[in-house]
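Please examine the sequence and the three-dimensional structure shown below. The paragraphs after it offer a guided reading of selected features.

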Amino acid sequence: MPEPDRAPVPEKAPPRPRNALSAVLLALACLLVPFGALASWAAHGLTDTGRYVRTMAPLAADPDVQRAVADAVGDGIMREAGYELDTGSLRGAVGPFVHDAARSFTRTEAFQAAWDAANQAVHAAVLHSLRDDEAHAAAVTVDLAPVVARVKRQLADDHVAFAHRIPVAHARVPVLPAGDMDRLRRGYHVLDTAAFWLPLTAAVLAVAGIAVAACRRRAVTALGLGTALGGGLLVLAVAIGRRLTLADLPDALHRPAAGAVYDALTTTLRTVSWLLLVLGLTVALGSWLTGRCLAARRRARASAAPAADPPPKPTRAGA
């Protein structure tokens, strides 16, 4: 007896729970990528003293930074000298020479050495305060006495009157206020922990999202687009942070110098952000093109295959 024709088996519906789980995992991974990059930059990129000094070293030749430093040093010298100079007329006569000497000093090689030494001292003091939980909540300061001594020596060499009466006091400029140290110390510890776990968690979630997906190529495409979106948002966040940081400065004249410092410190973060954007778009485009090529190849094979032979007719028994 011939075997009765079987009804065609319908195609199975796509496993929706797997796709939903994959989408959730990939979304979480893409969300953690920019935060992980930000935490790694803050916890590792800014806490290496040697790297920090090398990053800040070129700013010694920036005209805006030189102008800001010269104004700060000149104002500090005149503020301390106000107790030594008896009359306002003498102070007014010495003031322009002091500021000119400070500006001249910022264009010398000695200023470059003093700039590097000051940045190294400030960075080491800040790290010590952030990492030492038992440290007292004291303000982090930098001593300008070496810079003042160099400016005073230059004024004396230029035969400026009353230069010898300028006191070389240990004028400590606050870098971090004491009231913010506890909050900054807690934030540093959070960033130090997040810098390790956020990238690792993002990688695990991405691998898991691709593994459970019904169509892994689509999952890779979605991961690439999400990574590119995260990188673009991080670029935008750096730009917005720069605008807000400069807008909060009370002295508008020193905003160009602060902008130069901000740009120098965020160079690595901006580079990583653009790399995430480009890498994500490259992965997504490569995955999409690969899928198109494979689909075109399957269609070509299907069209070139010969038609299937018709099934043989059943024969009668004993014929």
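The text that follows considers salt bridges, a single helix and two surface patches in turn.

The model is predicted, and its side-chain atom pairs are counted only at pLDDT 80 or more. A search of the whole structure returns 2 salt bridges. One of them joins arginine 67 to aspartate 64, with 3.0 Å between the closest N and O atoms. Both residues belong to helix 3, which covers residues 63–81. Because arginine 67 and aspartate 64 are 3 residues apart in that helix, about one helical turn separates them. Neither partner is buried: arginine 67 is partly exposed at a relative accessible area of 43%, and aspartate 64 is likewise partly exposed, at 27%.

The other pair is formed by arginine 242 and aspartate 263, whose side chains meet in a salt bridge at 2.8 Å, N to O. Here the partners come from separate helices: arginine 242 lies in helix 8 (residues 216–247), whereas aspartate 263 lies in helix 9 (residues 255–265), so the contact ties together parts that are 21 residues apart in sequence. Arginine 242 has a relative accessible area of 30% and is partly exposed. Aspartate 263, at 25% relative accessibility, also counts as partly exposed.

Attention may now turn to helix 5. This helix runs over residues 109–131 and contains 23 residues. From its first C-alpha to its last it reaches 33 Å, close to the 33 Å expected at 1.5 Å a residue. Which of its residues are buried? The buried positions in helix 5 are Phe111, Ala114, Trp115, Asn119, Val122, His123, Val126, Leu127, Ser129 and Leu130. Aromatic residues are represented among them, including Phe111 and Trp115.

The surface carries a patch of positive charge, in which Arg217, Arg292, Arg298 and Arg299 gather. Helix 10, spanning residues 267–304, gives the most to this positive patch, with 3 residues. Arginine 299 is found in helix 10, and its relative accessible area of 56% places arginine 299 in the exposed class.

A patch of another kind is nonpolar. Leu229, Leu233, Leu236, Ile240 and Leu244 make this surface patch, which amounts to about 500 Å². Leucine 229 has its place in helix 8, the helix that also holds arginine 242 of the second salt bridge described above. At 56% relative accessibility, leucine 229 counts as exposed because the cut-off for that class is over 50%.

Terms used
Residues numbered from 1 in each chain as written. Predicted model: local features only at pLDDT ≥ 70, side-chain atom pairs only at ≥ 80, totals over all residues. Heavy atoms only, no water. Salt bridge = Lys/Arg side-chain N within 4 Å of Asp/Glu carboxyl O. Helix = DSSP H or I, 4+ residues; strand = E, 2+ residues; numbered from the N terminus. Buried < 20%, exposed > 50% of the residue type's maximum accessible area, 1.4 Å probe, protein only. Patch = residues over 30% accessible without salt bridge, like charges linked within 9 Å, V, L, I, M, F, W, Y side chains within 5 Å. Areas by Shrake-Rupley, 256 points an atom, 1.4 Å probe, with all protein chains shown as cover. Lys, Arg positive; Asp, Glu negative; His and termini not counted. Charge placed at Lys NZ, Arg CZ, Asp CG, Glu CD. Expected span 1.5 Å × (residues − 1).
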